[in-house]
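Please open the structure in a viewer and keep the selection tool at hand. The stops below are best taken in order.

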Amino acid sequence: MTLGIIAAMSEELEILLKDMQLDSSTTKAGMTFNKGKLWSNEVIAVVCGIGKVNAAVCTQILVSEFNVDKVINVGVAGGIGKDIYPGDVVIATNLVEHDMDTTAFGDPHGQVPRMDTFDFKCDSSLIESANSACKKVGGFNTFTGRIVSGDVFVADVEKIKWLEKEFNALSCEMEGASIAHVCYLNNIPVVVIRSISDNANNGAHMDFEKFTPIAVKNSTSILKEMLLSMN
């Protein structure tokens with residue numbers, strides 16, 4: 001089994017590469033795909049870049065060129081749920097592209113036209129593995145639910161409240177739904193895990209320089225526990 005790991009931040013990948021028995025690095029579409037063993041698992045680890053198109057291209061390359069069997073995406077996100085604070089972790093059960101808007105044709109916000117699903121679901125066994133890993137790591141609160149993605153940095157409180165009301169979303173970011181979308185099309189199990197940096201809905205904010213090492217530590221620890229459980 002080969003596992004594809006998509007990181008949002010280069011800092012996260014740097015930490016992983018230190019623990020990785022690297023076999024090769026290949027650059028495709030401007031992204032570096034690192035192949036090797038990580039905690040006894042065959043993995044391809046890559047930073048996808050910002051936005052849905054970068055994330056989708058990256059995921060399809062993992063599937064088509066590297067034949068990954070599962071995909072784990074870790075990164076950062078803004079909180080939406082009022083009980084979610086910086087440093088907490090959200091594990092997606094499903095994801096929606098909140099900036100998809102064909103409501104003029106009668107579709108609900110987020111529906112990809114002519115797609116046979118509204119949301120893109122994460123794999124139940126990977127969700128369970130991520131939850132178990134979060135419990136073992138500890139030191140933060142863990143939530144499971146919907147994450148929404150769009151090619152927009154959402155900082156407006158009213159927009160945050162709309163995302164909560166319209167989608168019942170726990171957090172928002174810019175890549176996860178497109179990764180899950182590509183995995184859905186290819187029938188590849190996926191899970192999206194997000195460390196929360198701020199929440200305009202409850203006024204919570206953490207300085208990015210302070211938050212980055214927390215996010216990197218959490219995601220690395222979660223990934224390690226997940227991969228160890230797969231051995």
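With which side chain does the side chain of Ser149 make a polar contact? Before answering, note that the model is predicted. Select Ser149 in strand S8, then display Glu173: the two side chains make a polar contact at 2.5 Å.

**Around Ser149**

Keep Ser149 selected and add Gly176, whose backbone nitrogen lies 3.4 Å from a polar atom of the Ser149 side chain. Next, show the surroundings. Leaving aside neighbours within four places in sequence, the residues in contact with Ser149 include Leu95, Val96, Glu97, His98 and Asp99, as well as Met174, Glu175 and Ala177. Ser149 has a relative accessibility of 0%, and therefore counts as buried.

**The loop after S8**

Move to Ala155, in the loop between S8 and helix H4 (157-167). Is Ala155 buried or exposed? Its relative accessible area is 54%, so Ala155 is exposed. Now select Gly78 as well: 77 residues separate Ala155 and Gly78 in sequence, while their C-alpha atoms are 8.8 Å apart in space.

**Helix H3**

Select residues 124-137, which form helix H3. At 1.5 Å a residue, these 14 residues should span 20 Å, and the end C-alpha atoms are indeed 20 Å apart. Colour Leu126, Ile127, Ser129, Ala130, Ala133 and Cys134, which are buried. Viewed down the axis of H3, the buried residues fall within an arc of 160 degrees, so they line one face of the helix. In an α-helix there are 3.6 residues a turn, so residues three or four places apart point the same way. On the other side of H3, select Ser124, Glu128, Lys135 and Lys136, which are exposed.

What covers the buried residues of H3? Among the covering elements are strands S5 (70-79), S6 (89-97), S8 (142-149) and S10 (190-199), together with helix H6 (208-229). Just after H3, pause at Gly138, which takes a positive phi of about 65 degrees.

**The nonpolar cores**

Select Ile5, Phe33, Ile72, Val191, Ile193, Met226 and Leu227, the residues with the most contacts inside the largest nonpolar core, which has 59 residues. Centre the view on Ile72; beyond neighbours within four places in sequence, its contacts include Leu3, Gly4, Ile6, Leu223 and Met230. A second, separate core has 9 residues, among them Val148, Leu163, Phe167 and Cys172.

**The annotated region**

Finally, select residues 2-227, which an unreviewed UniProt entry lists as "domain: Nucleoside phosphorylase". Over this range the chain is 35% helix and 34% strand, and the end C-alpha atoms are 11 Å apart.

Technical notes: Residues numbered from 1 in each chain as written. Predicted model: local features only at pLDDT ≥ 70, side-chain atom pairs only at ≥ 80, totals over all residues. Heavy atoms only, no water. Helix = DSSP H or I, 4+ residues; strand = E, 2+ residues; numbered from the N terminus. Expected span 1.5 Å × (residues − 1). Buried < 20%, exposed > 50% of the residue type's maximum accessible area, 1.4 Å probe, protein only. Arc of directions from axis to C-beta. Contact = heavy atoms within 4.5 Å. Core = buried A, V, L, I, M, F, W, Y, C linked by side-chain atoms within 4.5 Å. UniProt positions renumbered as here; feature names shortened; annotations may be inferred. Polar contact = N/O pair within 3.5 Å; in protein donor to acceptor, adjacent residues only side chain to side chain.
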